[in-house]
Amino acid sequence: MENKKTEEIMREVRKVIFGKDECIRQVMTAILAGGHILIEDIPGVGKTSMALAFARAMNLTQNRVQFTPDVLPSDIVGFSMFIKEKEAFVYQPGAVMCNLFLADEINRTSAKTQSALLEVMEEGTVTVDGVTRNVPDPFIVIATENPIGSAGTQRLPESQLDRFMICIEMGYPDIQDEVQILMKQSGFGAMKDVKAVITADDLARMQREVSEIFVHETVCRYIVDLVNATRSHELVSLGLSTRGAIAVTRMAKASAYMQDRTFVLPQDVAEVFPAAAVHRLKCSARAKLSQGDQKQIIGEILKSVRQPRPER
């Protein structure tokens with residue numbers, strides 16, 4: 001049985017995004033888990049529209065920054081300006097002072113600007129001139145990324161990739177869905193049809209409820225077995241960190257919540273594991289020679305690690 005509120009939110013997003021139900025569900029799961037989302041794909045397939053639709057459906061304050069080489073860290077976290085009337089320096093909020101921050105084409109900006117996001121993504125705070133300030137609660141980063149090799153892009157460092165709870169791809173729509181997009185003039189033109197289902201306070205409450213979902217020790221051991229399998233796989237040079245294991249656990253809790261359960265099943269873990277693991281794996285040179293990739297390796301791991309059976 002689906003959670004009623006989450007289903008209503010996803011229904012609103014589907015007014016803008018056609019034929020990408022699995023992507024919408026993955027993003028919804030990560031938002032409930034309190035994580036940040038990285039969407040990697042070619043331009044023009046609806047990445048930005050999806051982020052804006054979620055912001056409208058949940059009535060979140062949102063800011064968008066188009067990341068280019070000239071974007072500065074102060075554009076992200078803010079800066080202090082001397083105000084003559086007050087005879088003092090006054091903090092000018094940066095773009096991250098919102099509920100949902102959309103970092104468009106994040107891998108086109110400088111490493112210094114990308115690093116400005118690290119503290120806020122991990123700690124939920126920004127520090128300017130020695131003063132630390134909290135960002136609004138809830139706070140979600142949805143970043144879009146062009147495929148590596150596209151003009152003007154650079155690879156994100158592993159430390160920043162690890163801050164994203166999931167990484168997904170949208171891909172081209174199928175023929176019928178693309179016809180629907182053209183007929184309904186989807187994208188920004190259809191955004192006005194998206195109605196708010198919940199408020200930011202409702203989302204914060206839902207995230208707290210997700211954190212209270214029960215995870216049995218057996219399921220935790222299954223997660224650890226999967227994570228250890230990524231570290232010992234012969235085609236992997238860098239496996240999942242402990243932060244990655246925590247991300248899988250939180251995603252599994254959110255998956256259970258969306259199905260109106262108060263406990264996590266091994267199936268929840270298997271369902272969320274690919275999106276939570278794919279960007280955290282670094283393939284070895286041997287994998288590249290054998291034309292292996294992260295998705296293939298994750299599939300092998302899910303087949304080789306036995307799911308625990310429920311106790312009777």
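Which residue's side chain meets that of Arg-108 in a salt bridge? Select Arg-108 and look for Glu-105: their side chains form the bridge, at 3.2 Å from N to O. Keep in mind as you click around that this is a predicted model. Now colour the pair by accessibility. Arg-108 comes out as partly exposed, because its relative accessibility is 26%, whereas Glu-105 is buried at 16%.

**More salt bridges**

The structure holds 17 salt bridges, so there is plenty to click on. Go next to Arg-221 and Glu-217, whose side chains meet at 3.1 Å, N to O. Both belong to helix α9, residues 217–232, and because they sit four residues apart, about one helical turn separates them. Residues three or four places apart in an α-helix point the same way, because the helix has 3.6 residues a turn. Arg-221 and Glu-217 are both exposed.

Now jump to Arg-280 and Asp-162, another salt bridge, this one at 2.6 Å from N to O. Here the partners come from distant parts of the chain, 118 residues apart. Arg-280 is in the loop between α11 and β11 (282–283), while Asp-162 is in the loop between α6 (158–161) and β9 (166–168). Both Arg-280 and Asp-162 are buried. Add Glu-122, Arg-163 and Arg-243 to the selection: together with Asp-162 and Arg-280 they make one network, joined by salt bridges that share partners.

**Helix α3 and its surroundings**

Select residues 47–57, which is helix α3. Ten of its eleven residues are buried, so the helix is largely enclosed by the rest of the structure. Among the buried ones are Lys-47, Met-50, Leu-52 and Phe-54. What covers them? The cover for the buried residues of α3 includes the helices α1 (4–13) and α2 (21–32), along with the strands β1 (37–40), β2 (62–66), β5 (100–104) and β8 (140–145). Before leaving, click on Asn-59, just after α3, where phi is positive at about 55°.

Since α1 is part of that cover, zoom in on Thr-6, which lies in α1. Thr-6 is buried, with 0% relative accessible area. A polar atom of the Thr-6 side chain lies 3.0 Å from the backbone oxygen of Asn-3. Leave out neighbours within four places in sequence, and the contacts of Thr-6 are Met-28, Leu-32, Met-206 and Met-258.

**A hairpin**

Show residues 125–128 and 131–134 as cartoon. These are strands β6 and β7, paired in the antiparallel sense over four bridges. Thr-125 stands opposite Asn-134 of β7. The two strands form a hairpin with two residues between them, and in the turn Asp-129 has a positive phi of about 55°.

**Pro-266 on α11**

Move to Pro-266, found in helix α11, residues 266–277. Pro-266 counts as buried, because its relative accessibility is 9%. Which residues does Pro-266 touch, not counting those up to four places away in sequence? Display Val-219, Tyr-222, Gln-307 and Pro-308 to see them. For a distance check, draw a line from Pro-266 to Asp-41: C-alpha to C-alpha, they are 29 Å apart in space, with their positions 225 residues apart in sequence.

**Last stop: the cysteines**

How many disulfides does the structure hold? The count is zero. Try Cys-283, which is in no disulfide: the nearest cysteine sulfur is that of Cys-167, 13 Å away. Cys-283 counts as buried at 12% relative accessibility, and Cys-98 is buried too, at 1%.

Key: Residues are numbered from 1 along each chain as its sequence is written. This is a predicted model: local features need pLDDT of at least 70, side-chain atom pairs count only at pLDDT 80 or more; totals for chains, interfaces and linings use all residues. Side-chain values use heavy atoms; hydrogens and water are left out. Two strands pair if DSSP finds at least two bridges between them. A disulfide is a pair of cysteine sulfur atoms within 2.5 Å. Buried means under 20% relative accessible area, exposed over 50%, partly exposed in between (1.4 Å probe, protein chains only). Contact means heavy atoms within 4.5 Å. A polar contact is a pair of N or O atoms within 3.5 Å; within protein, one must be able to donate a hydrogen and the other to accept it, and residues adjacent in sequence count only if both atoms are side-chain atoms. A salt bridge is a side-chain nitrogen of Lys or Arg within 4 Å of a carboxyl oxygen of Asp or Glu.
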